[in-house]
Amino acid sequence: MFYGTDLKSRLMLGTAQYPSPQVLREAIAASGAEVITVSLRREGSEGDAFREILRQSGCRILPNTAGCHSVREAVTTAQMARELFGTSWIKLEVIGHADTLQPDPFALVEAARILTEDGFDVFPYTTEDLIVGERLIEAGCRVLMPWGAPIGSGQGLRHRDALRTMRAHFPDVPLVIDAGIGAPSQAMAAMEMGFDAVLLNTAVAKALDPVGMARAFGAAVEAGRTAHDAGLMPCRDMATASTPVFGMAELA
Amino acid sequence: MRIDLNGASIETRARTLQDLIEEHGFADAAVATAVNGSFIPRTARGTATLSEGARVEVLSPMQGG
């Protein structure tokens with residue numbers, strides 16, 4: 001489903017901002033996530049310990065191009081990540097705005113085209129814009145990752161109606177809500193709406209108890225997916241009694 | 001020769017990217033490299049010659065979201 005890979009868990013977890021490596025390790029395990037995101041930064045002294053955590057997690061690695069603002073930066077970073085992690089998967093971020101960290105859709109589409117032609121499986125971090133989504137598909141993307149809200153904001157699904165429209169517009173494309181999720185209820189709502197997965201980081205890493213929150217998100221995502229599969233009832237404007245009127249006593 | 005290594009200006013005797021990696025004790029297989037904004041694959045480091053003012057990036061896995 002995600003470039004030919006079926007996942008049991010629909011939660012993808014970021015690895016940044018945890019209070020300690022031990023908490024990160026336990027949070028990954030508690031979340032049940034099978035995909036974790038990582039980045040590339042200038043080689044420092046802590047690289048070995050982090051590499052060991054990645055190995056031990058048994059998770060599939062989804063490297064990102066976080067912090068890149070141009071096509072060239074993103075493409076070079078993706079190429080470096082492919083060699084380092086031995087995966088063709090890349091979470092493509094090309095940031096267009098410093099305050100909102102909104103993706104630059106024009107650079108994103110161009111970078112996606114270059115990378116898919118080079119054999120990458122691109123997971124583009126995008127907005128809920130349908131035309132950008134179509135251009136990304138035309139560029140070779142087989143997954144789209146619309147934002148819920150600005151990265152790290154915890155606002156949840158800020159444009160819920162637009163996301164619902166996007167889900168309906170791309171019925172056969174795996175859609176992952178990436179960024180902005182702050183609470184398990186928001187992740188569950190995304191799954192109930194039929195999104196294929198949720199990618200988050202800060203909501204777990206910055207919780208008082210990240211391991212407990214990782215477990216909560218894992219359960220929420222599973223519940224939301226199960227609910228979607230089971231088929232939610234339609235909303236109504238007016239009440240409709242659930243208890244039958246037939247057989248009611250006359251007591252007035 | 002002066003070059004930029006991960007944003008710091010340094011003096012080096014290395015003639016190739018491979019020499020530079022060894023000179024600085026980077027674990028060869030644990031880093032990815034770029035020179036002047038272009039990716040240099042591991043297998044090409046030995047033939048990637050450095051020139052004055054080259055901007056070399058040596059990156060490794062880091063926490064990310």
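Here are some short exercises, with worked solutions, on the predicted model of chain A.

**Exercise 1. Size and overall form**

Work out how the radius of gyration of chain A fits with that of a compact globule.

*Solution.* Start with the chain length: chain A has 252 residues. For that length, a compact globule would have a radius of gyration near 18 Å. Chain A comes out at 20 Å, which agrees. Now look at the box around the C-alpha atoms: along the principal axes, they fill roughly 80 × 40 × 35 Å.

**Exercise 2. Inside and outside**

Find what share of chain A is buried, and what its exposed surface is made of.

*Solution.* Let's take the inside to begin with. Counting a residue as buried when its relative accessible area is under 20%, we get 52% of the 252 residues. Next, the outside: about 12000 Å² is exposed, with 53% of it supplied by carbon and sulfur atoms. Then there are the charges. Chain A carries 22 positive and 30 negative side chains, and the centres of these two sets are 3 Å apart.

**Exercise 3. Contacts along the chain**

Take the contacts in chain A with a separation of 6 or more, and say what share joins residues 24 or more positions apart.

*Solution.* Pick out the pairs that are 24 or more positions apart, and you have 66% of those contacts.

**Exercise 4. Strand β8 and its partners**

Chain A has nine helices and eight strands. Describe the surroundings of strand β8 (residues 197-200) of chain A.

*Solution.* Here's a handy rule: in a regular strand, side chains alternate between the two faces of the sheet. Check this strand one face at a time. A:Ala197 and A:Leu199 are on one side, and both are buried. A:Val198 and A:Leu200 are on the other, and they are buried too. So both faces of β8(A) are covered.

Now for the partners. Strand β1 (residues 11-14) of chain A runs parallel to β8(A), joined by three bridges; here A:Leu13 has A:Leu200 as its bridge partner. Strand β7 (residues 176-178) of chain A is also parallel to β8(A) and also has three bridges to that strand. In this pairing, A:Asp178 is matched with A:Leu199.

**Exercise 5. An open sheet**

Which strands are at the edges of the sheet β4-β5-β6 in chain A?

*Solution.* First, write down the order: three strands, β4-β5-β6 (chain A), form an open sheet with parallel pairing. The edge strands are β4 (89-92) and β6 (145-146) of chain A, since each pairs on one side only. Finally, zoom in on one pairing: four bridges connect β4(A) with strand β5 (residues 121-126) of chain A, and A:Leu92 has A:Pro124 in β5(A) as its bridge partner.

Notes:
Residues are numbered from 1 along each chain as its sequence is written. Chains are lettered from A and ligands numbered from 1 in the order in which they are written. This is a predicted model: local features need pLDDT of at least 70, side-chain atom pairs count only at pLDDT 80 or more; totals for chains, interfaces and linings use all residues. Side-chain values use heavy atoms; hydrogens and water are left out. Helices (H or I, at least four residues) and strands (E, at least two) are DSSP runs, numbered from the N terminus. The radius of gyration is taken over C-alpha atoms; the globule rule is 2.2 Å times the number of residues to the power 0.38. Buried means under 20% relative accessible area, exposed over 50%, partly exposed in between (1.4 Å probe, protein chains only). Contact means heavy atoms within 4.5 Å. Accessible areas come from the Shrake-Rupley method with a 1.4 Å probe; for residues, only the protein chains shown count as cover. Lys and Arg count as positive and Asp and Glu as negative; His and the chain ends are not counted. The place of a charge is taken as NZ of Lys, CZ of Arg, CG of Asp or CD of Glu. Two strands pair if DSSP finds at least two bridges between them.
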